[in-house]
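Could you walk me through this structure in my viewer, stop by stop? I would like to know what to select next and what is there.

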Amino acid sequence: MSDRGIKKWAAYRALIEQDSAVVQMHEDRKKIERPVLSEDKMEEINEYLTNYEGQLCEISIYKNGEIKTINCHIYKIDPVDKYLLVDDRKRIYLKDLIGIKNVE
């Protein structure tokens, strides 16, 4: 006999009060923990940002339990407030940055 797992909670979605709790439970199960960056990885990111010359790059960020990847150009590196200003004037904070590389 197999375990029904999360399916057993589907019947409770019929109750309006519990619907949001069940949906939130499904979303929470998809989240991952923040990756821990090694010294080598942090040095690699620092080296890339130090030598950045305006090329298109692929940035991986950790945000709200998931890893997102975007292709963009960096317009400003702010070491004081610790963020990158990228396409569409979006800020990416260095604490959220987990990877960066050139797009070929």
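Here is a short tour, from the whole chain down to single residues.

**Before you start.** This is a predicted model, in which local features need pLDDT of at least 70 and side-chain atom pairs count only at pLDDT 80 or more, while totals for chains, interfaces and linings use all residues. Residues are numbered from 1 along each chain as its sequence is written, and side-chain values use heavy atoms, with hydrogens and water left out.

**Stop 1: the whole chain.** Show the protein chain as a cartoon and you will find two helices and six strands; these are DSSP runs numbered from the N terminus, with helices being H or I of at least four residues and strands E of at least two. Their order from the N terminus is α-α-β-β-β-β-β-β. Of the 104 residues, 23% are buried; buried means under 20% relative accessible area, exposed over 50%, and partly exposed in between, with a 1.4 Å probe and protein chains only.

**Stop 2: strand 1.** Select residues 57-63, which form strand 1. Five of its seven residues are buried, so this strand is largely enclosed by the rest of the structure. Now add residues 66-72: this is strand 2, joined to strand 1 by seven bridges in an antiparallel arrangement. Then add residues 97-102, strand 6, which pairs with strand 1 over five bridges, also antiparallel. (Two strands pair if DSSP finds at least two bridges between them.) Ile 61 is a handy residue to click on: its bridge partner in strand 2 is Lys 68, and its partner in strand 6 is Leu 97.

**Stop 3: the hairpin turn.** Strand 1 and strand 2 form a hairpin with two residues between them. Zoom in on Asn 64 in that turn, where phi is near 55 degrees, a positive value in a residue other than glycine. Asn 64 counts as exposed, at 60% relative accessibility. For another example, go to Asp 88 in the loop between strand 4 (83-86) and strand 5. Asp 88 has a positive phi of about 60 degrees although it is not a glycine, and at 78% relative accessibility it counts as exposed.

**Stop 4: two cysteines.** Select Cys 57 and Cys 72. Why is there no disulfide between them? The sulfur of Cys 57 is 4.4 Å from its closest cysteine sulfur, in Cys 72, which is too far for a bond; a disulfide here is a pair of cysteine sulfur atoms within 2.5 Å. A search of the whole structure finds zero disulfides. Cys 57 is buried at 0% relative accessibility, and Cys 72 is buried at 2%.

**Stop 5: Asp 96.** Is Asp 96 buried or exposed? Asp 96 is buried, with a relative accessible area of 4%. Look for it in the loop between strand 5 (90-93) and strand 6. Leaving aside residues up to four places away in sequence, Asp 96 touches Arg 34, Ser 60, Ile 61, Tyr 62 and Lys 63, where a contact means heavy atoms within 4.5 Å.

**Stop 6: a last look at helix 2.** Finish by selecting residues 39-50, which make up helix 2.
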